Amino acid sequence: MSKQYELDDLDKKILSVLMSNSKTTYAEIAKKLFVSAGTIHVRMNKLMNVGIIKGAQLIVDESKLGYDICAYIGVYLDKSSMYERVADALTGIPEIIEAHYTTGLYNIFAKIICKDTKHLRDVLHHKIQNIQGIQRTETFISLEKAVDRPVDLLKIP
């Protein structure tokens with residue numbers, strides 16, 4: 001079994017800079033942290049190789065593309081053993097942008113974006129609720145995103 005990689009203070013500072021602005025160059029990070037750009041390059045490679053950094057992504061404001069509804073759907077399954085099959089089916093629905101296997105009331109909790117309430121209703125009735133193994137769903141429409149941030153490695157132990 002491989003030992004978990006332990007982040008040191010420099011790793012945490014590098015990640016903190018990049019999580020606040022992923023477009024920061026290695027040279028800019030090095031200057032901020034008073035180390036060489038080569039050191040940043042080596043550390044970044046190590047963080048990628050151990051899987052702490054999984055890649056980079058473009059963040060798009062879906063509402064500016066016409067997707068005005070963000071909702072969360074709690075999914076009750078007929079049986080927990082149906083999870084993999086239902087999760088595979090949910091993956092085929094492009095409006096679902098996240099799905100989590102959870103404890104508590106729901107077996108699956110999913111995030112969905114839609115253009116409007118009619119679009120949401122159509123996805124619920126014609127796509128999600130027709131999946132074999134889904135007993136029922138509960139839908140929660142988000143009115144506003146209050147918090148959206150990465151973990152603060154310099155403040156959380």
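Let me start with the aromatic residues, where Tyr72, Tyr76, Tyr106, Phe109 and Phe140 form one aromatic cluster. Please keep in mind throughout that what we have on the screen is a predicted model. Within that cluster, tyrosine 106 and phenylalanine 109 make a tilted aromatic pair, with 5.7 Å from centre to centre and 35° between the planes. Tyrosine 106 counts as buried, at 12% relative accessibility, whereas phenylalanine 109 is partly exposed, with a relative accessible area of 27%. Tyrosine 76, which also belongs to the cluster, has arginine 136 lying over its face, at 3.9 Å from the ring centre. There is another arrangement of this kind at tyrosine 67, where the charged end of lysine 115 sits over the ring, 4.4 Å from its centre.

Over the whole structure, the search finds 6 aromatic pairs. In one of these, tyrosine 83 and tyrosine 101, the ring centres are 3.9 Å apart and the planes meet at 20°, which is under the 30 degrees that the term requires, so the pair is stacked. Since tyrosine 83 lies in helix H4 and tyrosine 101 in strand E2, the pair ties together parts that are 18 residues apart in sequence. Both are partly exposed, tyrosine 83 at 24% relative accessibility and tyrosine 101 with a relative accessible area of 46%.

That brings me to helix H4 itself, which spans residues 83-91. Which residues of H4 are buried? They are Val86, Ala87 and Leu90, and, seen down the helix axis, they fall within an arc of 100°, so they line one face of the helix. On the other side of H4, Glu84, Asp88 and Thr91 are exposed. The cover over the buried residues includes strands E1, E2, E3 and E4, the last of these being residues 134-141, together with helix H5.

Two of those H4 residues, Val86 and Leu90, reappear in the largest nonpolar core, which has 20 residues, and they are among those with the most contacts inside it, along with Ile112 and Ile128. Strand E1, helix H4, strand E3 and helix H5 each supply at least two residues of this core, and E1 gives the most, with 5 residues. If we leave aside residues up to four places away in sequence, isoleucine 128 touches Ile73, Leu90, Ile93, Ile96, Ile112, Val123, Ile134 and Thr137. Apart from this core lies another, of 13 residues, with Leu10, Ile29, Ala30 and Met44 among them.

I would also like to point out asparagine 107, in the loop between strands E2 and E3. At 15% relative accessibility, this asparagine counts as buried. With residues up to four places away in sequence again not counted, asparagine 107 touches Val75, Tyr76, Leu77, Ser80, His100, Tyr101 and Thr102, a list that takes in Tyr76 of the aromatic cluster and Tyr101 of the stacked pair.

Finally, the cysteines: how many disulfides are there? The count comes to 0. The sulfur of cysteine 70 has its closest cysteine sulfur in cysteine 114, at 9.4 Å, and as a disulfide needs the two sulfur atoms within 2.5 Å, that is too far for a bond. Cysteine 70 is buried, with a relative accessible area of 18%, and cysteine 114 is likewise buried, with a relative accessible area of 1%.

How values were computed: Residues are numbered from 1 along each chain as its sequence is written. This is a predicted model: local features need pLDDT of at least 70, side-chain atom pairs count only at pLDDT 80 or more; totals for chains, interfaces and linings use all residues. Side-chain values use heavy atoms; hydrogens and water are left out. A nonpolar core is a set of buried Ala, Val, Leu, Ile, Met, Phe, Trp, Tyr and Cys residues joined through side-chain atoms within 4.5 Å. Buried means under 20% relative accessible area, exposed over 50%, partly exposed in between (1.4 Å probe, protein chains only). Helices (H or I, at least four residues) and strands (E, at least two) are DSSP runs, numbered from the N terminus. Contact means heavy atoms within 4.5 Å. The arc is that of the directions from the helix axis to the C-beta atoms. Rings of Phe, Tyr and Trp (its six-membered ring) pair if their centres lie within 6.5 Å; planes under 30 degrees apart count as stacked, over 60 as edge-to-face and the rest as tilted. A charge sits over a ring if NZ of Lys or CZ of Arg is within 6 Å of the ring centre and within 35 degrees of the ring normal.
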